[in-house]
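The following paragraphs lead the reader through selected side-chain contacts and surface features of a protein chain. Please keep the sequence and the coordinates at hand while reading.

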Amino acid sequence: MNSKYVIGVDIGTTSAKSVLYAVDGTVIANHGIEYPLFSPTPETAVQDPEEIFQAVINTVKVIMQKSHVDPANVLCVSFSSAMHSLIAVDKEGKPLTECITWADNRSSDWVEKIKTEMNGHEIYLRTGTPLHPMTPLAKLVWLQNDYTELFSKSSKFISIKEYIFYKLFGKYVVDYSIASGTGLFNIYTLGWDAEALKVAGVTADNLSEPVPTTYQLSGMDVGYAKEMNLNPITPFVVGAGDGPLSNLGVNAIDPGVVAVTIGTSGAIRAVTDRPITDPKGRIFCYALTENHWVIGGPVNNGGMIFRWVRDQLGDAEVATAKRLGKDPYEVLTEIADRITPGADGLLFHPYLAGERAPLWNSNARGSFFGLGMHHKKEHLIRAVLEGVIFNLYTVLLALSELMGEPNKIQATGGFARSELWRQMMADIFNQDVSIPESFESSCLGAAILGLYSMGEIDSLNAVSDMVGATYHHTPNSENVSIYEDLTPIYIRLSRILQEEYESIAAFQKKWV
């Protein structure tokens with residue numbers, strides 16, 4: 001066994017994962033622990049910060065136990081984290097709120113006011129974070145106005161990663177990457193944005209100190225070090241956000257290479273050497289390092305839509321799968337594969353959970369369009385799978401406007417288990433699609449950033465030696481022609497329905 005190791009930790013929305021790697025990227029041990037996302041109302045999505053902290057401690061503890069690695073041989077522990085979380089804490093660092101996640105929409109009424117009355121678009125152009133309820137900027141405006149007493153009691157407003165680092169090291173630091181997802185951080189000056197802070201009602205003292213993503217802390221709490229079976233002097237690299245690190249972990253950091261992820265939600269991201277924002281406000285721009293900037297767009301509606309199909313339309317297929325000992329998704333995909341591309345003129349907009357990119361509209365709602373008597377359940381299933389890809393393609397079009405046509409697509413996530421879905425992406429994007437052989441891409445990205453911080457590698461491009469490929473798909477020209485006819489209709493519909501999204505959302509809030 002290699003005598004040097006690095007640990008990559010990912011603090012995700014639904015679980016914490018830790019992976020122990022040899023310095024060549026070989027996986028030695030891994031462990032994940034799930035935790036709940038609480039949604040007592042449709043607009044609420046919160047978590048217990050302490051539960052997440054314990055999950056991080058325990059995942060590291062387990063991989064150290066599994067591997068029997070000498071703690072002295074662990075070079076560093078490096079972190080990835082879900083973005084846009086917010087926790088209000090008191091002067092002792094104790095939470096006054098739960099961890100308010102990116103999926104929480106309770107600040108939605110304030111987003112429009114920030115856009116129209118508080119110079120929101122200009123703030124976006126400097127901070128790179130599109131205006132949406134996911135952003136800490138919107139959450140702070142909401143707390144300031146709707147929870148005045150709690151807001152005034154709060155000493156700091158931090159993310160879940162900052163909470164964990166404070167507990168381990170007693171210091172408030174935030175990496176440029178997580179900071180660049182707050183809507184409060186000027187991506188050109190690498191400091192807090194004065195106008196954004198004023199809108200949010202906070203000062204820099206209420207926030208953590210921004211530091212590079214390669215920043216190291218050491219000398220952690222001895223009790224926690226012992227619990228994780230690590231030396232207290234082991235360097236912890238602050239790391240970056242999960243999206244930027246996923247790009248690194250799938251080797252999508254060179255010009256023209258785009259990473260597409262479809263898990264529960266989804267995202268498209270590319271790396272540039274400087275900050276870029278969109279005059280139309282459709283994409284984000286987040287830091288990976290001071291010289292690597294990730295631009296792209298997240299979508300709410302990825303694999304969760306296929307799960308909705310399984311649960312609401314797939315009773316017969318679930319029963320068939322059980323009888324045959326197969327995965328229900330495999331059976332559903334098989335019947336969708338019987339239908340020709342384009343689902344015989346049926347389109348589906350997958351906005352069941354509102355939408356972030358490219359609409360940035362939490363009131364968007366899903367719809368089937370073109371439904372006729374000739375359509376059967378299998379058409380609906382195929383249209384749903386295609387709709388998820390169409391939606392991601394509209395984000396890719398926005399990216400292409402800003403940085404040119406991509407020359408390579410690296411696709412990851414649960415969707416990659418479906419050959420049909422992979423081929424749909426190649427056909428709708430009209431691009432070659434490769435599926436990297438990358439285990440837990442955000443953890444690997446964190447580990448590579450850690451090795452770079454420690455001087456073990458001299459370039460992030462070392463990832464190219466650690467990531468292979470499993471599948472490769474090329475576009476089918478006949479399918480491409482069909483999808484090219486449907487794409488403009490798909491795009492026009494979401495624009496035409498903007499007013500109706502607001503109306504139906506208002507109805508649902510009133511009556512449902």
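A residue is called buried when its relative accessible area is under 20%, exposed when that area is over 50%, and partly exposed in between. The structure considered here is a predicted model, and these classes are applied to it throughout the text. With a relative accessible area of 1%, Tyr 351 falls under the 20% limit and is therefore buried.

Tyr 351 also offers an entry to the aromatic contacts. A pair of aromatic rings is described by the distance of the centres and the angle of the planes. The ring centres of Tyr 351 and Tyr 501 lie 6.1 Å apart and the planes stand at 85°, so this pair is edge-to-face. It links distant parts of the chain, the two residues being 150 residues apart. Tyr 351 belongs to the loop between strand S19 (347-349) and strand S20 (367-369), whereas Tyr 501 belongs to helix H18. Tyr 501 has a relative accessibility of 4% and therefore counts as buried.

In total, the model contains 20 aromatic pairs. One of them is formed by Phe 165 and Phe 169, which are stacked, with 6.0 Å from centre to centre and 20° between the planes. Both Phe 165 and Phe 169 lie in helix H6 (residues 160-169); because they are 4 residues apart there, about one helical turn separates them. Phe 165 and Phe 169 are both buried. Ring pairs also extend beyond these two residues, joining Phe 79, Phe 165, Phe 169 and Phe 236 into a cluster.

Helix H18 (residues 498-511), which carries Tyr 501, also contributes to the surface. Glu 112, Glu 499, Glu 500 and Glu 502 gather there in a patch of negative charge. Helix H18 gives the most to this patch, supplying 3 residues. Glu 500 has its place in helix H18, and its relative accessible area of 45% makes Glu 500 partly exposed. A second patch on the surface is nonpolar: Ile 504, Phe 507, Trp 511 and Val 512 make up an area of about 480 Å². Of these residues, Phe 507 is found in helix H18, and at 45% relative accessibility Phe 507 counts as partly exposed.

What side-chain contacts join opposite charges, and how many salt bridges does the structure hold? The number of salt bridges is 17. In one of them, the side chains of Glu 456 and Lys 4 meet with an N to O distance of 3.8 Å. Lys 4 lies in the segment before strand S1 (5-11) and Glu 456 in the loop between helix H16 (441-453) and strand S23 (468-473), so this salt bridge ties together parts that are 452 residues apart in sequence. Glu 456 is partly exposed at a relative accessible area of 35%, and Lys 4 counts as partly exposed at 37%.

Another salt bridge connects Arg 310 with Asp 311, where the closest N and O atoms are 2.8 Å apart. Arg 310 has 24% relative accessibility and counts as partly exposed; Asp 311, with a relative accessible area of 39%, is likewise partly exposed.

Lys 377 and Glu 317 form a further salt bridge through their side chains, at 3.1 Å from N to O. This pair links distant parts of the chain, 60 residues apart: Lys 377 is in helix H14 (residues 377-403) and Glu 317 in helix H12 (residues 315-324). Are the two partners buried or exposed in part? Lys 377 counts as partly exposed, at 30% relative accessibility, whereas Glu 317 counts as buried because its relative accessibility is 10%. Elsewhere, salt bridges that share partners join Asp 278, Lys 280, Arg 282 and Glu 401 into one network.

A last position to inspect is Pro 275, in the loop between strand S16 (266-272) and strand S17 (284-289). Its relative accessible area is 19%, and Pro 275 is therefore buried, the limit being under 20%. Between Pro 275 and Val 211 there are 17 Å in space, C-alpha to C-alpha, and the two residues are 64 residues apart in sequence.

Technical notes
Residues are numbered from 1 along each chain as its sequence is written. This is a predicted model: local features need pLDDT of at least 70, side-chain atom pairs count only at pLDDT 80 or more; totals for chains, interfaces and linings use all residues. Side-chain values use heavy atoms; hydrogens and water are left out. Patches are made of residues with over 30% relative accessible area and no salt bridge: like charges are joined within 9 Å, nonpolar side chains (Val, Leu, Ile, Met, Phe, Trp, Tyr) within 5 Å. Accessible areas come from the Shrake-Rupley method with a 1.4 Å probe; for residues, only the protein chains shown count as cover. A salt bridge is a side-chain nitrogen of Lys or Arg within 4 Å of a carboxyl oxygen of Asp or Glu. Lys and Arg count as positive and Asp and Glu as negative; His and the chain ends are not counted. The place of a charge is taken as NZ of Lys, CZ of Arg, CG of Asp or CD of Glu. Buried means under 20% relative accessible area, exposed over 50%, partly exposed in between (1.4 Å probe, protein chains only). Rings of Phe, Tyr and Trp (its six-membered ring) pair if their centres lie within 6.5 Å; planes under 30 degrees apart count as stacked, over 60 as edge-to-face and the rest as tilted.
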